[in-house]
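Visitor: I would like a close look at a single part of this model, namely one charged side chain together with the partners around it. Please take me through it slowly, and then set it beside whatever else of that kind the structure holds.

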Amino acid sequence: MATPKPGAGSPAAPQPRPSDSFIQRFAQRAHGSPKRRVDLELRALDFLLAGFFLILSLPLLLLIGAALLLTSGTPLFYRGDRVGRGGHIFQMLKFRTLRRGAEERLGPYLGAELVERTHAETTRLGRRLRAMQLDELPQLWNILRGHMSFVGPRPIRPRFFEQLAGELPAYWQRLVVRPGLTGFAQVRRGYDTSMAEKLAHDLEWIADRSVPLYLRTLVATAFRVIGQSLRGLVRAH
């Protein structure tokens with residue numbers, strides 16, 4: 001998939017939101033999908049676990065917020081538009097790990113080039129937060145509010161969702177469930193996996209989702225995050 005680039009020396013244009021007709025078209029398809037009792041069970045687990053981990057991590061959240069304030073000022077959070085369940089647009093939260101204005105400069109990029117440019121824009125503290133994946137902690141609030149789940153397809157920006165939905169006819173089916181903090185594609189494959197292959201894993205979760213599968217995915221993610229965090233800490237030094 002070709003990646004658009006801004007003109008030389010010119011700032012990247014703000015990412016447009018999808019049109020109302022785009023949202024309505026996919027929302028109708030998603031809401032027309034059969035409802036499952038397991039979705040209520042998974043939502044209950046999301047609410048309980050997110051609340052528990054938010055309370056448990058509150059001292060760490062305050063410590064990270066104070067460190068960001070002292071080293072790079074405000075804003076403390078990155079707020080990015082993402083496409084949620086049924087085509088609903090929500091703001092995904094992360095601790096800010098990039099220099100101010102970096103989100104606009106990085107907007108048009110995807111894949112390996114995005115990774116390279118993001119690394120150049122990352123602050124020193126942000127690099128450590130990313131290495132330990134602590135920048136993702138504010139997404140517990142997204143889960144508590146029902147924007148996201150612990151397990152599901154990773155949320156994607158509206159601009160790229162509309163593009164990918166045109167290239168991959170089954171892409172809209174991701175809207176049947178809430179996007180996830182983790183998912184099959186993240187546990188099984190790396191960042192550079194093609195969008196088509198990631199979609200295949202996401203569709204497998206959507207078709208087979210259950211409480212045992214949800215719990216197994218969380219456990220697999222925990223082991224993966226611990227390993228990545230240890231390797232990331234070594235690289236960060």
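Guide: Let us begin with Arg154, which counts as buried because its relative accessible area is 19%, under the 20% that sets the limit for that class. Please keep in mind throughout that this is a predicted model. The side chain of Arg154 meets that of Glu136 in a salt bridge, with 3.8 Å from N to O, a value within the 4 Å that the term allows. The two residues belong to distant parts of the chain, 18 residues apart, since Arg154 sits in the loop between β3 (149-151) and α7 (158-167), while Glu136 sits in the loop between α5 and α6.

Glu136 has a further partner, for it also forms a salt bridge with Lys94, where the closest N and O atoms are 3.6 Å apart. Lys94 is part of strand β2 (residues 89-95) and Glu136 lies in the loop between α5 (124-131) and α6 (139-145), so this pair ties together parts that are 42 residues apart in sequence. Through shared partners, Lys94, Glu136 and Arg154 are joined into one network of salt bridges. Within that network, Arg154 is buried, whereas Glu136, at 22% relative accessibility, counts as partly exposed.

As for the wider setting, a search of the whole structure finds six salt bridges. One of them pairs Arg209 with Asp39, the closest N and O atoms being 2.7 Å apart. Because Arg209 lies in the loop between α9 (195-208) and α10 (211-236) and Asp39 lies in helix α2 (residues 37-72), the pair ties together parts that are 170 residues apart in sequence. Arg209 counts as buried, at 6% relative accessibility, and Asp39 likewise counts as buried, at 13%.

A residue from another loop may complete the tour. His147 is found in the loop between α6 and β3, and with a relative accessible area of 17% it is buried. If its neighbours within four places in sequence are left aside, His147 is in contact with His88, Phe90, Asn142, Arg178 and Pro179.

Terms used. Residues are numbered from 1 along each chain as its sequence is written. This is a predicted model: local features need pLDDT of at least 70, side-chain atom pairs count only at pLDDT 80 or more; totals for chains, interfaces and linings use all residues. Side-chain values use heavy atoms; hydrogens and water are left out. Helices (H or I, at least four residues) and strands (E, at least two) are DSSP runs, numbered from the N terminus. Buried means under 20% relative accessible area, exposed over 50%, partly exposed in between (1.4 Å probe, protein chains only). Contact means heavy atoms within 4.5 Å.
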